[in-house]
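Open your viewer and get ready to select a few strands and helices. This short tour suggests where to click next and what you will find there.

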Amino acid sequence: MIRAQIGEIELGDLLRSLESNKRNAIISITAPNTRGRIHLRDGRMAYVQTTPGPHLGEYLVRFDYLTLEQVQTLVRSQQQENPGTPLGYLALKQGFITEEELGDVLHAQILEALATLLGLREGELVLEPIPVNASQVLLPGAADTVRTLYDGARQVVGTIGPDPD
C-alpha cells in the first residue's frame with residue numbers, strides 16, 4: 001500500500017506508471033468535499049467514480065440510451081437480486097444497451113471523474129492492490145490510461161496541444 005498527500009505523488013504520473021507496468025490496483029482519493037476511486041486492470045482504467053458525482057445511470061439517461069424508469073428498474077434489480085453487480089453490466093445483460101453504448105457512457109463517466117480528480121490540489125491518495133475477492137466486474141471498453149489522462153487534463157486546463165498520437 002502507498003499512502004501520500006496529493007502533490008507528494010502526482011496522480012497522472014502514478015497512473016502512467018501503473019499502466020506501463022500493467023498493474024491491477026485501486027486508487028482511493030479523499031479530499032475536502034470530494035472522494036474518488038480509480039480501478040485499474042492491467043494498467044487500464046476500468047472504473048473511475050467521484051462522490052459527489054454522476055453515477056452511470058445518470059449517463060445512460062443523459063445519452064438517451066435509457067429512460068429514468070429503466071434505470072430505476074435496473075437499480076432495484078441490482079439492489080434486490082444482484083448486489084455488487086455493476087449497473088452497466090446488468091443493462092448490457094438484459095439487452096437494454098449495446099457494448100458500444102456502454103463504452104460511450106463509461107468513457108464519459110471516466111473522463112468527467114478523472115478531470116475532477118486531476119484538478120484536486122489537496123487531499124490524500126491511497127494505492128492498494130485489488131482484493132482477490134473484489135466484486136468489480138471488468139466491463140468492456142476499459143479506457144486507455146494515457147489517452148484518458150490527456151483528455152482529462154484538457155478538461156482541467158483547456159486545450160493543451162496536439163493529441164499524443
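A quick definition before we start: two strands count as paired if DSSP finds at least two bridges between them. Keep in mind, too, that this is a predicted model.

Start by selecting residues 25-31, strand β2, together with residues 34-41, strand β3. These two strands run antiparallel and are joined by 7 bridges. For one such pairing, click on Ile29: its bridge partner in β3 is Gly36. Now look at the turn of this hairpin, where 2 residues lie between β2 and β3. Asn33 sits in that turn, with a positive phi of about 70°.

Next, add strand β4, residues 44-51. It runs antiparallel to β3, and 7 bridges join the two. Show Arg37 and you will find Gln49 of β4 opposite. β3 and β4 make a hairpin as well, with 2 residues between them; Asp42 in its turn has a positive phi of about 50°.

Time to zoom out. Which order do the strands of the open sheet follow? The 5 strands are arranged β1-β5-β2-β3-β4, with antiparallel pairing. At the edges are β1 (2-5) and β4, each pairing on one side only. Neighbouring strands are turned by 15° against each other on average, direction ignored.

Move to the β1 edge and select β5, residues 124-128, which 4 bridges join to β1. Here Gln5 stands opposite Glu124.

Finally, bring in the helix α1, residues 11-20, which packs on the sheet and touches β2, β3, β4 and β5. The direction of α1 makes about 175° with that of β2. Helix α5, residues 99-118, also packs on the sheet, touching β2, β3 and β4; its direction makes about 65° with that of β4.

Note on methods
Residues numbered from 1 in each chain as written. Predicted model: local features only at pLDDT ≥ 70, side-chain atom pairs only at ≥ 80, totals over all residues. Heavy atoms only, no water. Axes fitted to C-alpha atoms, helices over the stretch in contact; angles between N-to-C directions. Contact = heavy atoms within 4.5 Å.
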